[in-house]
Amino acid sequence: MKKSMLLGLALVTTGTAAAQTTLTGAGASFPYPLYSKMFAEYKDASGVNVNYQSVGSGAGQKQIIERTVDFGASDNPMSDEAMKDAPAKLLHIPTAIGAVVPAYNVPGVTQPLKFTGRVLADIYLGKIKTWNDKAITALNPGVTIPPLPITVARRSDGSGTTYVFSDYLGKVSPEWKSKVGVGNSLQWPVGQGARGNDGVAGIVKSTPGAIGYVELVYAKQNKLPYGSVQNRAGKFVLADNGPASAAAQGVVIPADTRVSITNSANAEAYPIASFTYVIFYQDQKYGNRTEAQAKALKNLLGYMTTTGQQYNEPLDYARLPANVTSKVRTILNSMTYGGKKI
């Protein structure tokens, strides 16, 4: 047997037994590029294979309740009401902070456009229909914007990215809050739907005049321009790791880590930012897992929130702040199997 390695919060032993362990997860497309990298590196280090399906946050929440996966993944934490359907207590831990950006395809525009929350809400309400609408041109003096019809791209599946975007719009636009609201799935006034962040990015990339909300890495991977968004302090901020991380600064993080960080009061913050979460059962026996799977999951989650954080920034996600990692450690140490600590 190979020597043991300290990964995250627990001692992981490599070798034949570990190599036979497979963990399954499903949910958010928002962190999929990051998780793909983390899980590949973790397999090389530990021999544990992680099979993660990028099917949207809504599906991830559903599958963890149904106990068909070891963990679900979601960009928005589950509500108390949603967790009532679970057979036992569910826990959340954040793994990264990401930014949702307004990506667009406007031929001839070479500098990042500026948006306010109200303008984004009015575009998605169908009130702003062309790119040269005065509401957009007034924010972008000196920029020649063509009179191109706006094609609104949005998610068709249950999506945590949709939750984050609509959570922000609900905070800055009373009309959005009253007419559309906040959620993973919405009754959209306008728009062309697609599954996953990659699907929305695909519509934007292939459609002149399109705008879509996607996680930052998907805009960068598809070489899509994306706009700066005015934050609560009145500053137009272009998404990056620093401004995304700033969204969590000064926010009181509850013990269960379920919190919204959109429209942060921090003057340096990008306003459409969010934690992305892994969701799992506190008592893994009630989560329909074996004891070996339970131990492997705890080791994996420890790795993702410590050693694995080195991959966040290179992939355009912000690392977890120290005040969050301390709470994550407490949550992971509360995991049990049949009532006994793992």
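Contact here means heavy atoms within 4.5 Å. The structure is a predicted model, in which local features need pLDDT of at least 70 and side-chain atom pairs count only at pLDDT 80 or more, while totals for chains, interfaces and linings use all residues. Residues are numbered from 1 along each chain as its sequence is written, and side-chain values use heavy atoms, with hydrogens and water left out.

Asn-241 makes a handy starting point. Leaving aside neighbours within four places in sequence, Asn-241 is in contact with Glu-313, Asp-316, Tyr-317 and Ala-318. The residue lies in helix α11 (residues 241-246); helices (H or I, at least four residues) and strands (E, at least two) are DSSP runs, numbered from the N terminus. Asn-241 counts as buried because its relative accessibility is 14%, buried being under 20% relative accessible area, exposed over 50% and partly exposed in between (1.4 Å probe, protein chains only). The Asn-241 side chain also has a polar atom 3.2 Å from the backbone oxygen of Glu-313. That pair is a polar contact in the sense used here: N or O atoms within 3.5 Å, where within protein one must be able to donate a hydrogen and the other to accept it, and residues adjacent in sequence count only if both atoms are side-chain atoms.

Now for the sheets. Strands of a sheet pair through backbone hydrogen bonds, either parallel or antiparallel. Two strands are taken to pair if DSSP finds at least two bridges between them. On that basis, eight strands form an open, mixed sheet in the order β4-β3-β5-β13-β6-β10-β8-β9. β4 (49-54) and β9 (192-194) stand at the edges with a single partner strand each, so one side of each has no neighbour in the sheet. Direction ignored, neighbouring strands of this sheet are turned by 25° against each other on average.

Walking in from the β4 edge, β3 (residues 22-27) and β4 run parallel and are joined by six bridges, with Ala-26 having Gln-53 as its bridge partner in β4. From β3 the chain crosses through helix α2 (residues 32-46) to β4, and this β-α-β crossover is right-handed; that is, with the strands pointing away from the viewer, the path from the first strand over the helix to the second runs clockwise. β3 also pairs with β5 (residues 71-74), again in the parallel sense, over three bridges, and Gly-27 stands opposite Ala-73 in β5.

Further along the order comes β6 (90-104). This strand is largely enclosed by the rest of the structure, because 15 of its 15 residues are buried. β6 runs antiparallel to β13 (residues 273-281), with nine bridges joining the two, and His-92 stands opposite Ile-279 in β13. β6 is likewise antiparallel to β10, this time through five bridges; Tyr-104 has Ile-211 as its bridge partner in β10.

At the β9 edge, β8 and β9 pair in the parallel sense over three bridges, and Arg-154 is partnered by Gly-193 in β9. Helix α9 (residues 196-206) packs on the sheet and touches β6, β8, β9 and β10 (210-215), its direction making about 155° with that of β10. For such angles, axes are lines fitted to C-alpha atoms, for helices over the stretch in contact, and angles run from 0 to 180 degrees between N-to-C directions.

Between β8 (151-155) and α7 (160-172) there is a loop that holds Asp-157. Asp-157 is buried, at a relative accessible area of 7%. Not counting residues up to four places away in sequence, Asp-157 touches Val-55, Gly-56, Asn-184, Ser-185, Ala-194, Arg-195 and Gly-196. A polar atom of the Asp-157 side chain lies 3.4 Å from the backbone nitrogen of Gly-196.

Just after that loop, Ser-159 caps the N-terminal end of α7, with a side-chain oxygen 3.1 Å from the backbone nitrogen of Thr-161. α7 has 13 residues and reaches 19 Å from its first C-alpha to its last, close to the 18 Å expected at 1.5 Å a residue (the expected span being 1.5 Å times one less than the number of residues). The helix is mostly covered, with 11 of its 13 residues buried, including Phe-165, Tyr-168 and Leu-169.

There is also a three-stranded open sheet of mixed pairing, in the order β7-β11-β12. Its edge strands, β7 (114-115) and β12 (236-237), each pair on one side only. β7 runs parallel to β11 (residues 228-230) through two bridges, and Phe-115 has Val-229 as its bridge partner in β11.
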